[in-house]
There are 2 protein chains.
Amino acid sequence: MFSERQQQIVETAIKLIADKGIQNLTIKNIAFEIGISEPALYRHFGSKLEILKAVITNFQIKMKPALEKLKESVNSLNKIESFILEHLKIINLNPDFAKVIFSEANFQNEEDLILKMNNMMKQSHKILETIVQSGQKKDEIRSDINSLSIVRIIIGSMRLLVTQWSMSGMIFNLEAEGKQLSDDIMKLIIAE
Amino acid sequence: MFSERQQQIVETAIKLIADKGIQNLTIKNIAFEIGISEPALYRHFGSKLEILKAVITNFQIKMKPALEKLKESVNSLNKIESFILEHLKIINLNPDFAKVIFSEANFQNEEDLILKMNNMMKQSHKILETIVQSGQKKDEIRSDINSLSIVRIIIGSMRLLVTQWSMSGMIFNLEAEGKQLSDDIMKLIIAE
DNA sequence: ATTATCTTTGTTAGTGTTCACTAACCAGTG
DNA sequence: CACTGGTTAGTGAACACTAACAAAGATAAT
């Protein structure tokens, strides 16, 4: 789908966004970092917007395995734990992602990008909600709590953890703190 | 502290950020919206950065009452509920804030602004953590859960709720959904 | 096998636009 | 007559993007 050069451009763009923020992402910077000229970049992407779209697509592709793994668990609590830990594992392996993803706000005014991001968000939200509801039916998860609240708690705390990790300069172990958070969430929502 | 004109500039800036994103916030736009010329704006703020700093200061000032109200409650669960609901009440009254606050990422590369925002975040984080820990000591809150996890769950789910509200175009009732979320969190963390 | 042409991917040198900010000036008020 | 808060007209820098050209490899014609 993406040529080697295109892949290189996307990865460089992600790195630059993580380093200097999306406002400082310029075609010139990307080209310089790769070591080619500005117009050469336009041989591979028609516009800057195309590059940003590719950044999001790239993220989607890399995140997919986290959702695939869920199918291996039967118990809904295991699925939720897996949802949290697998996501964090991928972000830990691609630390530059952290700063890119959680800047939906940065894509304000670029209709296409917002839509692409929103759909991604909603999709994993839906998947998690389905898991929670089926867990409640099977009496594995407390049923006296609104399933939407549980979803918000899980995703919200996950996102905050990643934000804190990213803003702190990644000084703590994301996966270890994630395990602690996940364990605590399990204790809270498990049906007695 | 701020003159009337300065206040007007700050409020216009917030409105424009909410509408069009921070990348589209230009001195020209602010001036046009107010109905004065661009250089006139520089009579009131020395630079664009000064305006952005004032935006954050303004936010701090408006949010303060949410922390004041906490002191009225004795019970730690009441304090937490109040923490959530008072914050949401203020955001509901100043909907433009929602899009501004949760774009810490937008301030990347402006050292001063990141610092200002981070300190704000850390401060309310600390306040909440103190409340949770004292609640655990007084046996009002479950003690088998890491207090840091509880703080992350509360703030994380709150932030996600606000983000969803803002991204949805404010189609749902923030305070009502907030009450539901708050009630559910209470049920989860209360000591039996 | 040699030559001609096309395609790909790069180059240098620009374009017009937009931005934050400034110089110089001016009208009203105390 | 100075201060405050406004004006018009501009500055240089940065940006996304383009025009025109060049070198090398693949493809095809002779």
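A:R152 and B:E177 form a salt bridge across the two protein chains. Their closest N and O atoms are 2.8 Å apart. In total, chain A and chain B share 2 salt bridges. This is a predicted model. The points below cover the contact between the chains, their symmetry, and the DNA.

**Where chain A meets chain B**

- On chain A, 41 residues are in contact with 43 residues of chain B.
- Together the two chains bury about 3600 Å² between them. Carbon and sulfur atoms account for 55% of that area.
- Between chain A and chain B there are 12 residue pairs in polar contact, counting pairs with both residues at pLDDT 80 or more.
- Four helices of chain A each supply at least two residues to the side that touches chain B: α1 (4-20), α7 (111-137), α8 (147-167) and α9 (174-189).
- The largest share of that side comes from α8(A), with 12 residues.
- By type, the side of chain A that touches chain B has 16 nonpolar, 15 polar and 10 charged residues.

**How the two copies are related**

- A turn of 180° with a shift of 0.0 Å along the axis lays chain A on chain B. The RMSD of this fit is 0.1 Å.
- That is why the relation is called a two-fold axis.
- Both copies use the same surface, and 100% of the contact residues of chain A recur in chain B.
- Which residue of chain A comes closest to the rotation axis? A:G156 does, with its C-alpha at 2.1 Å.

**Around DNA strand D**

- There are 16 residues around DNA strand D. Those that come nearest are A:K48, B:R5, B:S37, B:R43 and B:H44.
- B:H44 has a polar side-chain atom 2.6 Å from a phosphate oxygen of DNA strand D.
- B:R5 has a side-chain N or O atom 2.7 Å from a phosphate oxygen of the strand.
- From chain A, the side chain of A:Y42 has an N or O atom 3.1 Å from a phosphate oxygen of DNA strand D.
- Two elements give two or more residues to the surface near DNA strand D: α3 (38-41) of chain A and α3 (38-41) of chain B.
- That surface near DNA strand D divides into 7 nonpolar, 4 polar and 5 charged residues.
- What do the strand's atoms within 4 Å of the protein belong to? Sugar or phosphate accounts for 44% of them, and the rest belong to bases.

Terms used: Residues are numbered from 1 along each chain as its sequence is written. Chains are lettered from A and ligands numbered from 1 in the order in which they are written. This is a predicted model: local features need pLDDT of at least 70, side-chain atom pairs count only at pLDDT 80 or more; totals for chains, interfaces and linings use all residues. Side-chain values use heavy atoms; hydrogens and water are left out. Contact means heavy atoms within 4.5 Å. Buried area is the accessible area (1.4 Å probe) that two parts lose on being put together, summed over both. A salt bridge is a side-chain nitrogen of Lys or Arg within 4 Å of a carboxyl oxygen of Asp or Glu. A polar contact is a pair of N or O atoms within 3.5 Å; within protein, one must be able to donate a hydrogen and the other to accept it, and residues adjacent in sequence count only if both atoms are side-chain atoms. Ala, Val, Leu, Ile, Met, Phe, Trp, Tyr, Cys and Pro count as nonpolar, Asp, Glu, Lys and Arg as charged, and the others, Gly among them, as polar. A residue is near a molecule or strand if one of its heavy atoms lies within 4 Å of it. Copies are superposed by least squares on the C-alpha atoms of residues with pLDDT of at least 70 in both.
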